[in-house]
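What follows is a walk through one structure, starting at the ligand and ending at the cysteines.

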Amino acid sequence: MSQIDWQRLHSCAVAAMKTAYAPYSKFPVGVAALVNDGRIVTGCNVENASYGLGLCAECGLVSHLCSTGGGRLVAIVCVDGQGDFLAPCGRCRQLLFEHGGPEALLMTDDGPQSMAAILPWAFGPGDLDRNER
Ligand code: THU
């Protein structure tokens, strides 16, 4: 995988954020990720009148990933309505970890951080093998 174009990922995340459906929180979120085959997938949050049913932007991103051929997330940018880097919620860290693993990178105000740092001591697909011990 060649150099990561973080600026392009940021632009894609901002574009996705602009499509968010967030009439209740008024807190639009966008996310974009580079996949290991070179394509870029995106997502935005989609809220619901039944508040608890709202979907985070990362849910949309994972759906986009799977519905366009799958693969592994390599680099991720998540932004708020100002285009500033956003810390994914706990549930979404788990979603990103599932599809990127500990080495996937998330852009933060302190630069790119590994998912191993963003979700320390994570539960992941490998833990399911414990049943076979
Ligand atoms: N939100 C996301 O889309 N992703 C996150 O990681 C954090 C929160 C959304 C959910 C809700 O629509 C709005 O931001 C306010 O919580």
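Sorted by class, the shell around the ligand consists of 6 nonpolar, 2 polar and 2 charged residues. This is a predicted model, and every value given here is computed from it.

The residues that make up the surroundings of the ligand are S25, F27, V29, N45, E47, C56, A57, E58, P88 and C89. In that list, the polar residues are S25 and N45, and the charged residues are E47 and E58. The nonpolar residues are F27, V29, C56, A57, P88 and C89.

Which residues place a polar atom within 3.5 Å of an oxygen atom of the ligand? E47 does so through its side chain, with a polar atom 2.5 Å from a ligand oxygen. The side chain of E58 also has a polar atom at 2.8 Å from an oxygen atom of the ligand. With C89 the backbone is involved: an N or O atom of its main chain lies 2.8 Å from a ligand oxygen. As for cover, the ligand taken alone exposes 380 Å², and the protein buries 77% of that area. The site of the ligand is the largest pocket.

The cysteines come next. How many disulfides does the model have? The count is 0, given that a disulfide needs a pair of cysteine sulfur atoms within 2.5 Å. For C12, the nearest cysteine sulfur belongs to C44 and is 13 Å away, so C12 is in no disulfide. C44 is likewise in no disulfide, because the nearest cysteine sulfur, that of C59, is 11 Å away. Is C44 buried or exposed? C44 is buried, because its relative accessible area is 16%, and buried means under 20%.

Notes. Residues numbered from 1 in each chain as written. Predicted model: local features only at pLDDT ≥ 70, side-chain atom pairs only at ≥ 80, totals over all residues. Heavy atoms only, no water. Buried < 20%, exposed > 50% of the residue type's maximum accessible area, 1.4 Å probe, protein only. Near = heavy atom within 4 Å. Polar contact = N/O pair within 3.5 Å; in protein donor to acceptor, adjacent residues only side chain to side chain. Areas by Shrake-Rupley, 256 points an atom, 1.4 Å probe, with all protein chains shown as cover. 1 Å grid on protein atoms, 1.4 Å probe; cavity = no way out; pocket = protein on both sides within 12 Å on 5 of 7 lines; lining within 4 Å. Sits in = over half its atoms within 2 Å of the grid points.
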